[in-house]
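Me: I have a model on screen and want to check the labels people put on it. Can you take me through the reasoning?

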Amino acid sequence: MKRLLRQAKNEMRQTKQEQELLYEKHVISKLVEGADPNEVGEGYQDYLEDLDGFHALAFDQVIDSILEDDDERILDHFTTGFESVPEYLVHRSGWGEKVKNLMQDDSPTHIKSASVDSLDRSRTKAHDGVINLFNDLNSYAEDKNLPVPYPVKYGKFDKKDLNHRTDAADILSRHTPLLEKVNKVVQEKFKESGKGETIADKYRKMSLGDLLDVAKENFEQKDLPELDLGGLSQ
Amino acid sequence: MKEELLERAIKEDVSKLKDVLRASYSLKALSKLEVLEIATKTNESLGYKLFNDLYYPRLVSEFSLVSRAVAKDAIENNN
């Protein structure tokens with residue numbers, strides 16, 4: 001449990017950097033040396049193997065593509081899909097303790113059994129949701145001719161295969177959250193469209209002459225525009 | 001964010017961090033106010049200030065850190 005925060009910080013900083021270095025080691029170095037195409041192909045497979053199921057850079061590309069997709073159903077579909085991640089993490093967290101507390105309860109055996117079954121079903125359902133999400137993201141990447149974010153050897157996760165289920169869970173322990181990425185993309189879009197520009201932002205960009213014109217207009221009208229102070233007004 | 005407070009939150013009741021996790025894995029962008037509300041409500045629910053700096057960019061980063069830490073603990077320490 002100790003040093004969780006430190007580990008999380010290190011991983012956030014290092015994951016993409018490490019994956020870039022792996023790509024240089026296995027693929028770029030071979031290309032630069034003029035290696036046989038078969039060797040480059042093998043190098044790419046070695047690279048995928050070293051990623052251990054989660055390709056952070058590919059994941060970023062896929063998320064970019066989803067956020068820019070003209071079909072809103074795509075965004076809706078994956079928004080729902082991603083809801084299974086926090087569900088699963090909450091179910092999985094402290095699992096042993098939850099089951100132990102249930103078993104120590106004074107309730108009759110059949111009630112305890114039903115409670116454990118219910119807990120188990122909820123966790124399994126959330127886990128299935130995560131696996132569906134990973135498969136769907138991979139399919140979407142392939143349709144868009146992007147590298148797949150979950151490059152597992154078997155291609156598609158099988159919900160009935162315990163090893164695949166374990167692999168999917170393991171990937172989650174190393175997975176990139178979305179918040180920073182999504183907010184960055186949306187902020188950039190707003191800036192490009194000018195929609196995020198407040199009146200205060202416009203005033204800041206004006207020349208003195210333009211400012212005085214606005215001041216004169218406002219003074220004559222005595223109907224000052226409501227200031228939208230960006231983040232403060234939300 | 002203090003490491004011991006994060007560990008305490010994870011050990012005591014991860015469900016109190018659910019809104020932070022949902023925000024971290026959402027494809028729909030949240031407004032600054034929504035992020036701020038989640039941070040303050042989470043602090044209230046926990047009974048201590050896990051998020052002691054309510055500056056938006058810092059909250060975005062700390063939400064990600066919390067999510068990663070929860071995920072690591074959930075998968076590595078719970079079978």
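Me: Let's start in chain B. What makes R58(B) and E62(B) about one turn apart?
Reply: Both sit in helix 4 (residues 56-77) of chain B, with a spacing of four residues, about one turn of the helix. Keep in mind that this is a predicted model.

Me: Why is the link between R58(B) and E62(B) called a salt bridge?
Reply: The closest N and O atoms of R58(B) and E62(B) are 3.3 Å apart. The rule wants an Arg or Lys side-chain nitrogen within 4 Å of an Asp or Glu carboxyl oxygen, so the pair qualifies.

Me: Is E62(B) buried or exposed, and how do you know?
Reply: E62(B) has a relative accessible area of 5%. Buried means under 20%, so E62(B) is buried. R58(B) comes out at 39%, and with the partly exposed class running between 20% and 50%, that is where R58(B) goes.

Me: What joins E87(A), K18(B), D19(B) and R22(B) into one network?
Reply: Salt bridges that share partners do that. Take R22(B): one of its bridges goes to D19(B), with N and O 3.7 Å apart at the closest, and another reaches E87(A) in the other chain, at 3.5 Å. Both values fall within the 4 Å limit, so both count.

Me: What separates R22(B) from D19(B) along the chain?
Reply: They are three residues apart in helix 2 (residues 18-24) of chain B, which means about one helical turn. R22(B) is at 40% relative accessibility and D19(B) at 38%, so each counts as partly exposed under the 20% and 50% cut-offs.

Me: How many salt bridges cross the interface of chain A and chain B?
Reply: The rule finds three there, while the structure holds 14 over all chains. The two chains bury about 4,100 Å² between them, 65% of it on carbon and sulfur atoms.

Me: Over in chain A, why is H55(A) called buried?
Reply: Its relative accessibility is 5%, under the 20% cut-off, so buried is the right word. H55(A) lies in the loop between helix 2 (37-51) and helix 3 (56-68) of chain A. Beyond its neighbours within four places in sequence, its contacts include Q19(A), Y47(A), P147(A) and P151(A).

Me: And what makes V32(A) exposed?
Reply: V32(A) has a relative accessible area of 67%, and exposed means over 50%, so V32(A) passes. V32(A) lies in helix 1 (residues 4-33) of chain A and forms a nonpolar surface patch with Y23(A) and I28(A), about 270 Å² of accessible area together.

Conventions: Residues are numbered from 1 along each chain as its sequence is written. Chains are lettered from A and ligands numbered from 1 in the order in which they are written. This is a predicted model: local features need pLDDT of at least 70, side-chain atom pairs count only at pLDDT 80 or more; totals for chains, interfaces and linings use all residues. Side-chain values use heavy atoms; hydrogens and water are left out. Patches are made of residues with over 30% relative accessible area and no salt bridge: like charges are joined within 9 Å, nonpolar side chains (Val, Leu, Ile, Met, Phe, Trp, Tyr) within 5 Å. Accessible areas come from the Shrake-Rupley method with a 1.4 Å probe; for residues, only the protein chains shown count as cover. Helices (H or I, at least four residues) and strands (E, at least two) are DSSP runs, numbered from the N terminus. Buried means under 20% relative accessible area, exposed over 50%, partly exposed in between (1.4 Å probe, protein chains only). Buried area is the accessible area (1.4 Å probe) that two parts lose on being put together, summed over both. Contact means heavy atoms within 4.5 Å.
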